[in-house]
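User: Could you take a close look at the metal site in this one for me? I'd like the geometry first, and then whatever cavities and pockets go with the picture.

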Amino acid sequence: MLIYALSRDTNKLEHIDSVPNGLKCNCFCSGCNDALVAKNNCSSSRSNHFSHYSKDENRNCLMTQLHLAAQHHFLNAEYITLPEVSFLYKDEFLTNKAINLKVLSAQLETKMDRYYADVTIETEIGTIAIEVCVTHKNEHDKTAYYQQNKIASIEYDLSSYLSKDIDEAIKDLNEYAVESTWLYEWCRDELIQNHNVFLAKEKVRIHQKRQRSAKLSMTKLMFHKRITLPDLTQYFKHKIGGTQYSENVSVFTQKEIQLTEVFEVASTQKYSLLKGNLNKHIIWIAFLLERNQIPDDIAKLSGSVIIQTPSINENEQATWSWLKYPRLARRIEHTKKQFINRCKLKKQLKRNVSWFLLNTDNLYKKDYQTWSNWMKKNKLSSQVYPKLSYVLRYKKEYSCLWMFNSWHILTLSYLTEIIDSKPQNSIISYRDIFDDLAQRIDLHEDFLILEQNLADFVIKDDDKSLIIRENIIEEALLPFRELMQILCLHDGCKRINPLMSSLSLGN
Ligand SMILES: [Zn+2]
């Protein structure tokens with residue numbers, strides 16, 4: 001419904017109640033240019049409004065009315081409340097509270113270069129351009145123009161009022177409840193300048209603090225002549241037949257050493273350098289005062305170099321690391337050879353596991369009779385061809401049992417016998433169970449060598465259950481745990497019920 005319109009006489013915005021009735025109002029719709037008829041003697045059932053003279057009122061007419069009403073709100077405002085300012089600058093939110101300002105003067109459609117601001121208002125803090133958005137956000141070019149020219153500018157978004165009564169928009173504009181966005185914050189420059197001054201002061205303060213701290217460490221070091229050489233780890237990669245292996249391998253573990261001699265070589269704005277002698281060897285000790293960059297003089301040093309780098313957070317300790325470590329070269333080469341060997345063994349392990357899984361049928365043929373006899377001997381079945389009970393069918397694949405190289409049902413059955421032979425409610429270590437099982441079934445010939453080389457280097461749980469005795473048994477016992485027959489603890493289990501009876505089909 002239109003209740004605001006432009007007067008042909010004055011080109012000013014008029015409210016329906018302030019114009020003569022009918023065509024005498026001499027108003028037009030700025031959306032479609034049609035003449036408007038003022039209907040301001042409406043009965044109580046319909047409120048006063050303008051209706052179009054010859055055209056149909058459309059969405060554009062309403063949009064234009066909303067835009068005009070908002071523009072005139074700012075044009076006639078005595079005071080304006082500018083919203084809070086908050087923007088991200090160099091990882092910090094710079095903010096300023098909302099402020100209330102007296103409007104000294106205001107102008108509609110102010111030309112600025114090749115753009116028009118919807119309204120500009122003059123205040124004690126300068127000109128502020130106001131954009132009213134009804135459907136389209138302020139054009140990108142115009143926003144860029146405001147930002148490049150540092151013109152304080154703000155956009156009010158009225159799009160959500162198109163479907164509402166216009167009085168609601170007017171009310172919210174009066175109360176400054178309409179959503180707004182700064183296109184260029186009125187105090188942006190000042191906030192940035194202040195923040196840069198603060199950052200520059202901080203930089204100096206932190207630098208001085210680092211200098212003092214480095215000086216202190218150097219004095220101590222030169223007095224005691226003791227230094228802790230830092231850890232060194234290397235990242236190795238190796239590919240075997242399409243499989244990529246990688247590891248972070250420790251090459252050197254931190255160690256405190258006693259130097260024979262140590263003295264200061266240089267102190268600059270960027271670093272302090274000590275030269276230490278360890279018998280005939282030289283070790284350079286550099287205290288860096290800045291992060292992210294190794295000074296050229298330090299990078300050019302030959303021989304062993306360790307560096308102290310300041311932490312990002314000033315409350316945290318600086319960290320030591322190796323910059324050059326020629327004396328560890330042979331050790332690195334050796335470690336890499338060991339790593340490549342491990343890659344080959346990992347590949348071997350995968351092959352063995354695959355072979356085991358693919359051979360289930362053959363292993364079944366080999367071991368079924370043994371199992372059938374075992375079932376009979378233990379009175380778990382009287383049939384000639386016993387079937388598998390629920391717990392034995394619970395899990396389909398037992399890659400964790402590859403090293404026993406037998407039909408997994410037979411291995412599991414022996415496992416239950418071993419556990420049942422231990423006292424109820426006492427903790428039975430997984431390792432003991434494994435060793436007992438290995439007494440009954442020969443281990444795969446590769447197992448010991450794989451275990452020896454890989455056990456300390458497997459990280460993922462899936463891999464652990466292929467090579468680490470405790471994990472192998474814990475994984476194999478999973479069905480019994482899920483069916484609440486046993487309680488699995490960190491390195492052993494407790495039997496709740498006899499396990500063997502769960503293998504009987506009667507159960
Ligand atoms: Zn119209």
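Analyst: Let's fix what a donor is before anything else: an N, O or S atom within 2.8 Å of the metal (3.2 Å for Na, K and Ca), and with water not among the atoms, sites may look incomplete. Keep in mind that this is a predicted model, where local features need pLDDT of at least 70 and side-chain atom pairs count only at pLDDT 80 or more, while totals for chains, interfaces and linings use all residues. Residues are numbered from 1 along each chain as its sequence is written, and side-chain values use heavy atoms, with hydrogens and water left out.

On that basis, the zinc ion has these protein donors: Cys29 (SG), Cys32 (SG), His52 (NE2) and Cys61 (SG), at 2.1 to 2.3 Å from it. Along the sequence, the donor residues follow the spacing C-x2-C-x19-H-x8-C. One pair here links distant parts of the chain, 29 residues apart: cysteine 32 sits in the loop between strand E3 (22-28) and strand E4 (35-39), and cysteine 61 sits in helix H1. Helices (H or I, at least four residues) and strands (E, at least two) are DSSP runs, numbered from the N terminus. Cysteine 32 and cysteine 61 are both buried, meaning under 20% relative accessible area, with exposed being over 50% and partly exposed in between (1.4 Å probe, protein chains only).

What is the geometry of the site of the zinc ion? It's tetrahedral, with angles of 98 to 120° among the four donor atoms. Four donors get that label if all angles lie between 85 and 135 degrees; four count as square planar and six as octahedral if opposite donors are over 155 degrees apart and all others between 65 and 115, and anything else is irregular. For reference, the ideal angle for four tetrahedral donors is 109.5 degrees.

Now the empty space. On a 1 Å grid over the protein atoms alone, a cavity is a set of points where a 1.4 Å probe fits but cannot get out, and a pocket is an open set with protein on both sides within 12 Å along at least five of seven lines; lining residues have an atom within 4 Å of a point. Grid points are joined across faces, edges and corners, and a volume is the space filled by probe spheres set on the points.

The whole structure has two cavities of 30 Å³ or more. The largest cavity holds about 50 Å³, and its 13 lining residues include two of the zinc donors, Cys29 and Cys61, which are among those nearest its centre along with Tyr4, Ser30 and Gln65. Strand E1 (4-7) and helix H1 (59-76) are the elements giving two or more residues to that lining, and H1 has the largest share, four residues. By class, the lining has nine nonpolar, four polar and no charged residues; Ala, Val, Leu, Ile, Met, Phe, Trp, Tyr, Cys and Pro count as nonpolar, Asp, Glu, Lys and Arg as charged, and the others, Gly among them, as polar.

The second largest cavity, about 40 Å³, is lined by Lys270, Leu288, Glu290, Gln293 and Pro295.

As for pockets, the largest has a volume of about 1,300 Å³. Among its 35 lining residues, Ile206, Arg210, Pro310, Ser311 and Ala318 are the closest to its centre. Helix H4 gives the largest share of that lining, 13 residues, and the classes come out as twelve nonpolar, eleven polar and twelve charged.
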